[in-house]
Amino acid sequence: MTITKWNLNTNQSDFMIRAKNSIIAYLDSSFNKLDSSIDIENNQLTNANVEFVLDVNKKEGKLEHIDSNLNLKDFIDSNQYPLVTFKSTSFEKVNNDINFVKGNLTINNITKVVELDAKIAASDSNHQSSKVLIEIIGEINRKDFGLYSNSNQENNGLLIGSNINITANLEFETKN
């Protein structure tokens with residue numbers, strides 16, 4: 001039973017915010033603060049700490065709007081509160097397949113405690129290094145965070161759902 005130190009590869013990690021019928025924004029972590037650590041024991045996730053800061057006003061890096069006329073600025077008061085932040089406060093392992101990361105999510109200067117699912121999505125190992133992809137997913141009610149669209153046209157006439165899905169794909173690696 002060995003616990004190994006894993007390092008986050010921010011170049012291969014990303015974050016996505018999605019509402020029903022629309023991907024609002026795909027945010028590559030290269031232009032956002034993303035800090036995370038994990039513990040894996042016997043190929044099972046035993047602990048996870050996640051912290052991120054997304055600045056919706058930053059232009060460098062990758063920001064794609066896919067099949068949508070909406071973007072993050074249509075929902076967020078980007079002049080007054082441009083940052084979306086999350087800081088985990090606890091990790092709970094229910095069984096080998098069910099893990100929860102709980103933490104404080106702040107959007108539009110409104111902070112709520114949210115619980116996100118965490119799981120090992122893929123892993124690969126060779127004689128030089130090992131890599132593991134951790135997927136953290138969850139759902140929030142956009143109205144809880146004051147995420148009302150300022151857009152006159154919501155997604156080509158399709159209604160945007162009340163819930164927003166959050167997905168973080170975090171790649172970690174360690175030297176063998």
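User: Before we get going, what does buried mean here?
Analyst: We're looking at a predicted model, with values computed from it. Residues get sorted by relative accessible area, and over 50% counts as exposed. For buried, the cut-off is under 20%.

User: Is Phe86 buried or exposed?
Analyst: The relative accessible area of Phe86 comes out at 2%. The cut-off for the label is under 20%, so Phe86 is buried.

User: Which residue forms an aromatic pair with Phe86, and how are the rings arranged?
Analyst: The structure has just 1 aromatic pair. Its rings sit 5.7 Å apart, centre to centre, with 20 degrees between the planes. Planes under 30 degrees apart count as stacked, so Phe86 is in a stacked pair, and its partner is Phe52.

User: How many residues apart in sequence are the parts that this pair ties together?
Analyst: Phe52 belongs to strand 6, and Phe86 to strand 8. The pair therefore links parts of the chain separated in sequence by 34 residues.

User: Which residues touch the most other members of the largest nonpolar core?
Analyst: That core has 34 residues. Strands giving two or more residues to it include strand 6 (44–55) and strand 8 (83–93). Phe52 counts as buried at 6% relative accessibility. The residues that touch the most other members are Ile38, Phe52, Leu105 and Ile140.

User: What lies 2.8 Å from a polar side-chain atom of Ser13?
Analyst: Ser13 is in the loop between strand 2 (7–8) and strand 3 (14–19). Even so, Ser13 is buried, at 1% relative accessible area. The atom lying 2.8 Å from its side chain's polar atom is the backbone oxygen of Asn9.

Terms used
Residues are numbered from 1 along each chain as its sequence is written. This is a predicted model: local features need pLDDT of at least 70, side-chain atom pairs count only at pLDDT 80 or more; totals for chains, interfaces and linings use all residues. Side-chain values use heavy atoms; hydrogens and water are left out. Helices (H or I, at least four residues) and strands (E, at least two) are DSSP runs, numbered from the N terminus. Buried means under 20% relative accessible area, exposed over 50%, partly exposed in between (1.4 Å probe, protein chains only). A polar contact is a pair of N or O atoms within 3.5 Å; within protein, one must be able to donate a hydrogen and the other to accept it, and residues adjacent in sequence count only if both atoms are side-chain atoms. A nonpolar core is a set of buried Ala, Val, Leu, Ile, Met, Phe, Trp, Tyr and Cys residues joined through side-chain atoms within 4.5 Å. Rings of Phe, Tyr and Trp (its six-membered ring) pair if their centres lie within 6.5 Å; planes under 30 degrees apart count as stacked, over 60 as edge-to-face and the rest as tilted.
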